[in-house]
Amino acid sequence: MLELAPSLLSANFYNLKEDLSKLKKTDVKYIHLDVMDGNFVPNISFGPGLIKSLRPYTDLIFDTHLMIENPEKYVEDFVNCGSDIITFHLEATKHPHSLVQKIKSYGKKAGISLNPSSLEQDLVYLLEDLDLVLVMSVNPGFGGQKFIDSQLNKIENLRKIKEEKNYNYIIEVDGGIKSTNVTKAIESGAELIVSGSDVFKAEDLIDRVNEYYDIFKR
Ligand code: DX5
Ligand code: ZN
């Protein structure tokens, strides 16, 4: 699979309904929802309230990326607001294995994200249970940062392990992706591509999304 998950973080929050209806005219199936608590990351974004209010307006797959400390405390909230995938940071909890089981017990897909400095080897006892691994290609907290090239190696390693062990997780990449640099992430093995500022700050959102899907078809 190769899909785009536009990150709502870079959208104008006054215009969300309009942006969602534009996305409806494209091939996009996922929307990436960045939740920040001002503690795990030095920024505050939005929480389950906003996500819940979007849910009636779209059938897009809600790909919720929790950049919050102690995510285990808030799982029910992110289940109840309509998330389809719930991804937390390995660095943010002491019991990642049990949190994966908890997310799955609600019938939701479970993902784990790694900061740029974290090792994919630390996921070795978790990978068989994961639906998704999110490789951060910037330090989490803000849109519009520069892609960190060293993360391509992490993506490649995760692809190798996935192939060797026949695991099911989707490899997602997040941060600094543009239509002009997405090819290197795809070549390394990324399957679900998050793009925030490049999509929502584009002159024409629909054209930009189509540009990605043209690249995906090559
Ligand atoms: C960063 C977030 C990203 C962000 C990506 O902490 O996790 O999802 O919105 O934005 P761009 O694509 O602008 O780097
Ligand atoms: Zn994100």
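The questions and answers below concern a predicted model, and they move from the metal site to the cores, the salt bridges and a few single residues.

Q: Which residues coordinate the zinc ion (ligand 2)?
A: In this predicted model, the donors of the zinc ion follow the spacing H-x1-D-x30-H-x108-D along the chain, a pattern made of histidine and aspartate positions. The distances run from 2.0 to 2.3 Å, and the atoms involved are NE2, OD, ND1 and OD of, in that order, His-32, Asp-34, His-65 and Asp-174.

Q: What arrangement do the donor atoms around the zinc ion (ligand 2) make?
A: For six octahedral donors the ideal angles are 90 or 180 degrees. Around the zinc ion (ligand 2) there are six donor atoms, and they subtend angles of 70 to 170 degrees. Because of these angles, the arrangement is octahedral.

Q: Which side chain of opposite charge is nearest to Asp-174, and how far away is it?
A: Asp-174 is found in strand E7, which covers residues 170-174, and it is buried yet has no salt bridge. A salt bridge would need a side-chain nitrogen of Lys or Arg within 4 Å of a carboxyl oxygen. The nearest candidate of opposite charge falls outside that cut-off: it is Lys-178, 11 Å away.

Q: Which of the zinc-coordinating residues are in contact with Asp-174?
A: Leaving aside its neighbours within four places in sequence, Asp-174 is in contact with several residues, including Leu-134, Met-136, Ser-137 and Val-194. Two of the other zinc ligands, His-32 and Asp-34, are both buried. The residues that appear both among the contacts of Asp-174 and among the zinc ligands are His-32, Asp-34 and His-65.

Q: Which helix gives the largest share of the largest nonpolar core?
A: In soluble globular proteins, nonpolar side chains tend to be buried together. Here the largest nonpolar core has 58 residues, and those with the most contacts inside it are Leu-4, Leu-23, Leu-123 and Ile-193. The largest share of this core, six residues, comes from residues 205-217, that is, from helix H8.

Q: How many residues are in the second, separate core?
A: Within the largest core, Leu-123 is one of the residues with the most contacts, and outside its close sequence neighbours Leu-123 is in contact with Leu-90, Ile-112, Leu-114, Val-133 and Leu-158. The second core is separate and includes Leu-132, Leu-134, Val-138 and Ile-170. The number of residues in this second core is ten.

Q: How many residues apart are the partners of the salt bridge between Asp-27 and Lys-217?
A: The structure holds seven salt bridges, and in this one the closest N and O atoms are 3.9 Å apart. Asp-27 is partly exposed, with a relative accessible area of 40%, whereas Lys-217 counts as exposed at 61%. Asp-27 lies in the loop between helix H1 (16-23) and strand E2 (30-36) and Lys-217 in helix H8, which places them 190 residues apart.

Q: Which residue forms a salt bridge with Asp-84?
A: Asp-84 lies in the loop between H3 and strand E4 (85-89), and its partner lies in the loop between helix H2 (48-54) and E3, so the pair ties together parts that are 29 residues apart in sequence. Asp-84 is partly exposed at 27% relative accessible area, and its partner also counts as partly exposed, at 21%. The side chains meet at 3.1 Å, N to O, and the partner is Arg-55.

Q: Which residues are linked with Asp-198 in a network of salt bridges?
A: Asp-198 lies in helix H7 (residues 197-200) and counts as buried, at 11% relative accessibility. One salt bridge joins Asp-198 to a residue of helix H8 ten residues away, with the closest N and O atoms 2.8 Å apart. The residues linked with Asp-198 in the network are Arg-208 and Glu-211.

Q: Is Asn-166, which has a positive phi, buried or exposed?
A: Asn-166 has a phi of about 60 degrees although it is not a glycine, and it lies in the loop between helix H5 (151-165) and E7. Asn-70 also has a positive phi, near 50 degrees, and is partly exposed with a relative accessible area of 31%. For Asn-166 the relative accessible area is 66%, over the 50% cut-off, so this residue is exposed.

Methods: Residues numbered from 1 in each chain as written. Chains lettered and ligands numbered in written order. Predicted model: local features only at pLDDT ≥ 70, side-chain atom pairs only at ≥ 80, totals over all residues. Heavy atoms only, no water. Helix = DSSP H or I, 4+ residues; strand = E, 2+ residues; numbered from the N terminus. Buried < 20%, exposed > 50% of the residue type's maximum accessible area, 1.4 Å probe, protein only. Lys, Arg positive; Asp, Glu negative; His and termini not counted. Contact = heavy atoms within 4.5 Å. Donors = N, O, S within 2.8 Å, 3.2 Å for Na, K, Ca; no water. Tetrahedral: all angles 85-135°; square planar, octahedral: opposite > 155°, others 65-115°. Core = buried A, V, L, I, M, F, W, Y, C linked by side-chain atoms within 4.5 Å.
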